[in-house]
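Student: I've got a new model open on my screen and I'd like to talk it through. Can we go over how the helices pack and which side chains pair up?

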Amino acid sequence: MSRAEATKARILHAATEEFAAYGIAGARVDRIAKAASANKNLIYVYFCNKDGLFDAVFDAHVGRGLDMVPFTPDDLPDYAGRLFDFYQQHPEVLRLATWHRLERGTAVERDPAVAEPTRNDKLASLEAVQKGRGGTPGFPPATLLTLVLAIASAWSPTNAASMPAAAPASNQAQCRTAIMDAVRRLL
């Protein structure tokens with residue numbers, strides 16, 4: 001890894017922490033540069049501006065992160081359980097997605113969980129599974145996907161309604177089981 005690549009990686013790591021904690025508006029480029037042991041000007045060289053840096057962090061963690069959890073339309077309970085595991089291991093992903101939605105409003109086209117073509121691929125595969133099962137009555141694919149994603153993130157720090165705010169390590173297995181069971185019942 002070159003020196004420039006190493007610096008860029010440190011900046012992305014520091015920016016991930018900063019944006020997850022403070023959002024786009026609250027994040028400070030000075031703090032990111034200091035945490036990354038990098039010259040502040042390099043942030044502008046590599047990412048143009050704070051929004052560009054947030055986009056790079058968002059794409060790296062939310063976009064690529066969700067790709068690490070393969071979508072299984074024929075086994076949605078297992079998919080929800082694996083999403084829960086991923087969210088517990090990477091709490092910054094939901095925090096970044098939440099800040100994105102809060103601060104960028106209706107610009108959900110950049111949100112990998114709902115972006116095209118990812119969303120269309122998931123919906124098409126859900127529809128195919130439903131048709132393969134004889135047109136399973138119930139929720140349309142878009143509603144079903146929304147509900148599964150919401151259930152999988154039920155015990156995240158970004159969900160104000162969860163009790164506790166995040167699943168404690170001693171209770172994670174119970175939370176995962178409850179999530180999978182809820183998706184089974186939904187189906």
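**Helix packing, salt bridges and core**

Tutor: Sure, and keep in mind that this is a predicted model. Let's start with helix α5 (residues 76–89) and helix α9 (residues 172–186), whose axes come within 8 Å and cross at roughly 145°.

Student: Is the crossing of α5 and α9 left-handed or right-handed?

Tutor: We already have the two axes crossing at roughly 145°. As for the hand of it, α5 passes α9 in a crossing that is right-handed.

Student: Which residues of α9 make the contact?

Tutor: Look at the α5 side to begin with: Leu76, Pro77, Asp78, Ala80, Gly81, Arg82, Phe84, Asp85 and Gln88 take part. By class, the contact of the two helices has eight nonpolar, three polar and five charged residues. Across from α5, the α9 residues are Gln172, Cys175, Arg176, Ile179, Met180, Val183 and Arg184.

Student: Two of those α5 residues carry opposite charges. What is the N to O distance between the side chains of Arg82 and Asp78?

Tutor: Arg82 and Asp78 sit four residues apart in helix α5, so about one helical turn separates them. Both count as partly exposed, Arg82 at 21% relative accessibility and Asp78 at 25%. Their side chains meet in a salt bridge, with an N to O distance of 2.7 Å.

Student: Over in α9, is Arg185 buried or exposed?

Tutor: Arg185 forms a salt bridge with Asp181 (3.0 Å, N to O), and the two are four residues apart in helix α9, about one helical turn. Asp181 is partly exposed, with a relative accessible area of 27%. The cut-off for the next class up is over 50%, and because Arg185 has 68% relative accessibility, it counts as exposed.

Student: How many salt bridges does a search of the whole structure find?

Tutor: We've met two of them, Arg82 with Asp78 and Asp181 with Arg185. Another joins the side chains of Arg104 and Asp51. Searching the whole structure, the number found is eight.

Student: How many residues apart in sequence are the parts that Arg104 and Asp51 tie together?

Tutor: The two side chains meet at 3.6 Å, N to O. Arg104 is partly exposed, with a relative accessible area of 22%, and Asp51 is partly exposed too, at 40%. Arg104 lies in helix α6 (residues 91–104) and Asp51 in helix α4 (residues 50–67), so the parts being tied together are separated in sequence by 53 residues.

Student: Now the inside. Which residues touch the most other members of the largest nonpolar core?

Tutor: That core has 43 residues, and α5 gives the most to it, with seven residues. The ones touching the most other members are Phe19 and Leu53.

Student: What does Leu53 touch, leaving out residues up to four places away in sequence?

Tutor: Leu12 is one of the residues on that list, and its place is in helix α1 (residues 3–26). With those sequence neighbours not counted, Leu53 touches Ile11, Leu12, Ala15, Phe19, Ile32, Ile43 and Phe47.

Student: And how far apart in space are Leu12 and Phe54, C-alpha to C-alpha?

Tutor: Leu12 counts as partly exposed, at 24% relative accessibility. Leaving aside neighbours within four places in sequence, Leu12 is in contact with Phe47, Leu53, Ala56 and Val57. Leu12 and Phe54 are 42 residues apart in sequence, and their C-alpha to C-alpha distance is 8.9 Å.

How values were computed. Residues are numbered from 1 along each chain as its sequence is written. This is a predicted model: local features need pLDDT of at least 70, side-chain atom pairs count only at pLDDT 80 or more; totals for chains, interfaces and linings use all residues. Side-chain values use heavy atoms; hydrogens and water are left out. Axes are lines fitted to C-alpha atoms, for helices over the stretch in contact, and angles run from 0 to 180 degrees between N-to-C directions. A crossing is left-handed if the near helix is turned anticlockwise from the far one by less than a right angle, and right-handed if clockwise. Contact means heavy atoms within 4.5 Å. Ala, Val, Leu, Ile, Met, Phe, Trp, Tyr, Cys and Pro count as nonpolar, Asp, Glu, Lys and Arg as charged, and the others, Gly among them, as polar. A salt bridge is a side-chain nitrogen of Lys or Arg within 4 Å of a carboxyl oxygen of Asp or Glu. Buried means under 20% relative accessible area, exposed over 50%, partly exposed in between (1.4 Å probe, protein chains only). A nonpolar core is a set of buried Ala, Val, Leu, Ile, Met, Phe, Trp, Tyr and Cys residues joined through side-chain atoms within 4.5 Å.
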